[in-house]
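Student: Could you take me through one part of this protein in some detail? I would like to look closely at its salt bridges.

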Amino acid sequence: MELLDKEHCIYLLDEDNFDFPTLEMMNDDLVAVGGDFHPQRLINAYSNGIFPWFIDEYNHIHWYSPQKRMVLEPQNMKISKSLKKSIKNKGFVIKSNENFEEVIKNCANIKRKHEDETWISDEFIQAYTNLFHLGYAFSIECYLEDELVGGLYGLMIGNVFCGESMFAKESNASKVAFYHLCNQARKNDIKLIDCQVHNDHLESLGASEISREEYFKILEGK
């Protein structure tokens, strides 16, 4: 790796190996640029607390490890009254890993407040679909009358589920999918759901921020 920005400790990744900066080498949220979406590079990234966020105009992947990490312990999910009603009475059917590619495509195409465009490009869709076929990426899907109306996807790294994105076409559909993710996590002894960076939606579900150092300890099983 080549150090591109000494002040912010941003590294240019090598093309011929899949190494990433260690915790001691990090300073800012953005820790590296470059590389590719080879499955092993992606697995190494998540195993080292790093994830790709977007591709810039020069076709460089930007890799992040936030100094403040948004996370949720599965047992701490907050369930509102409206969400309880949706879980019990709305008729949602939940499935896992049956329509992964459609989930990620919906995450890419859904319109979101305060966002003009998505970071989930065709390259991201192909890369994470490859990880799904290799058994590293997973989806939770929410159906209503046989139509996919909500869901989420992410990766499993040790006992941490690294959430990537979610979508909803029906009110509370993504929250219902998230509720079932938390249930599965508790049953399978998953310690933490990584939500990456803060947003109000995740906070309303019970997620909170911890330090990058604390997140690395959990990721390492300490």
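Tutor: Happy to; here is a walk through the salt bridges, one pair after another. Keep in mind that this is a predicted model. The count comes to 4 salt bridges, and three pairs will serve us here.

Let's begin with aspartate 194 and arginine 69, whose side chains meet at 2.8 Å, N to O. Aspartate 194 sits in strand 11 (residues 192-196) and arginine 69 in strand 6 (residues 68-72), so this pair ties together parts that are 125 residues apart in sequence. Both aspartate 194 and arginine 69 are buried.

Next come arginine 41 and aspartate 36, joined by a salt bridge of 2.8 Å, N to O. Arginine 41 has a relative accessible area of 0%, so it counts as buried. Its partner, aspartate 36, is partly exposed, with a relative accessible area of 28%.

For a pair within a helix, turn to glutamate 101 and lysine 105, which form a salt bridge at 3.5 Å, N to O. Both residues belong to helix 3 (residues 100-109), and they are 4 residues apart, about one turn of the helix. Glutamate 101 is partly exposed at 36% relative accessibility, and lysine 105 is partly exposed at 31%.

As a last stop, look at some lysines that carry no salt bridge: Lys81, Lys84, Lys85 and Lys88 form a positive surface patch. Among them, lysine 85 lies in helix 2 (residues 81-89) and is exposed, with a relative accessible area of 57%.

Note on methods. Residues are numbered from 1 along each chain as its sequence is written. This is a predicted model: local features need pLDDT of at least 70, side-chain atom pairs count only at pLDDT 80 or more; totals for chains, interfaces and linings use all residues. Side-chain values use heavy atoms; hydrogens and water are left out. Patches are made of residues with over 30% relative accessible area and no salt bridge: like charges are joined within 9 Å, nonpolar side chains (Val, Leu, Ile, Met, Phe, Trp, Tyr) within 5 Å. Accessible areas come from the Shrake-Rupley method with a 1.4 Å probe; for residues, only the protein chains shown count as cover. Lys and Arg count as positive and Asp and Glu as negative; His and the chain ends are not counted. The place of a charge is taken as NZ of Lys, CZ of Arg, CG of Asp or CD of Glu. Helices (H or I, at least four residues) and strands (E, at least two) are DSSP runs, numbered from the N terminus. Buried means under 20% relative accessible area, exposed over 50%, partly exposed in between (1.4 Å probe, protein chains only).
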